[in-house]
Amino acid sequence: MSAIRSKDTTPEIVVRRIVHSMGFRFRLHVRALIGTPDIVLPRHRKIINVHGCFWHQHSCRRGRSAPKTNAEFWKTKRQRNSLRDREVRCKLRQEGWKLIDIWECQTHNRTELARRLRRFLVG
Ligand SMILES: [Zn+2]
């Protein structure tokens with residue numbers, strides 16, 4: 001398991017494809033913004049972040065699972081991740097961005113995912 005956040009994880013590609021198929025233009029991993037958001041729609045001032053359930057401590061089963069080895073290390077690391085996520089979200093909102101978080105486990109049902117993304121982007 002790598003601790004480095006991979007840029008082209010499958011869940012993210014799933015999300016990108018859907019957004020693209022809806023005709024939206026976006027930029028990826030924008031370093032000029034705090035937290036380097038995954039998918040940025042500058043014209044709409046909207047941001048989509050795709051999170052791995054384990055790394056970012058989602059409330060789902062995978063997000064709550066705790067490794068037995070190096071338990072303390074993983075715990076600290078994942079807590080730091082979700083704390084940073086929260087700070088980043090807060091700052092981006094203050095700058096007027098609208099945000100949506102898509103969790104890895106939410107990318108399995110593509111129909112539902114597309115519906116959510118449409119609501120966020122069009123609504
Ligand atoms: Zn999850």
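**Exercise 1. What arrangement do the four donor atoms around the zinc ion make?**

Work from the predicted model. Start with the ligands.

- Step 1. List the protein donors: Cys53 (SG), His58 (ND1), Cys60 (SG) and Cys105 (SG). They lie 2.0 to 2.4 Å from the zinc ion.
- Step 2. Take the angles. The four donor atoms subtend 99 to 121°.
- Step 3. Apply the cut-off. Four donors count as tetrahedral if all angles lie between 85 and 135 degrees.
- Step 4. Conclude. The angles make the arrangement tetrahedral. For reference, the ideal angle for four tetrahedral donors is 109.5 degrees.

**Exercise 2. Determine the spacing of the zinc donors along the chain, and find which parts cysteine 60 and cysteine 105 tie together**.

- Step 1. Write the spacing: C-x4-H-x1-C-x44-C.
- Step 2. Place the pair. Cysteine 60 sits in the loop between strand E3 (46-51) and helix H2 (61-64). Cysteine 105 sits in the loop between strand E4 (98-103) and H4.
- Step 3. Conclude. The pair therefore ties together parts that are 45 residues apart in sequence.
- Step 4. Check burial. Cysteine 60 has 18% relative accessibility, so it counts as buried. Cysteine 105 has 30%, so it counts as partly exposed.

**Exercise 3. Describe the setting of arginine 118**.

- Step 1. Locate the residue. Arginine 118 lies in helix H4 (residues 110-122).
- Step 2. Classify exposure. Its relative accessibility is 45%, so arginine 118 counts as partly exposed.
- Step 3. Find contacts. Leaving out residues up to four places away in sequence, arginine 118 touches Met22 and Gly123.
- Step 4. Look along the chain. Isoleucine 18 is 100 residues from arginine 118, yet their C-alpha atoms are separated by 9.2 Å.

Notes: Residues are numbered from 1 along each chain as its sequence is written. This is a predicted model: local features need pLDDT of at least 70, side-chain atom pairs count only at pLDDT 80 or more; totals for chains, interfaces and linings use all residues. Side-chain values use heavy atoms; hydrogens and water are left out. Helices (H or I, at least four residues) and strands (E, at least two) are DSSP runs, numbered from the N terminus. Buried means under 20% relative accessible area, exposed over 50%, partly exposed in between (1.4 Å probe, protein chains only). Contact means heavy atoms within 4.5 Å. Donors are N, O and S atoms within 2.8 Å of the metal (3.2 Å for Na, K and Ca); water is not among the atoms, so sites may look incomplete. Four donors count as tetrahedral if all angles lie between 85 and 135 degrees; four count as square planar and six as octahedral if opposite donors are over 155 degrees apart and all others between 65 and 115; anything else is irregular.
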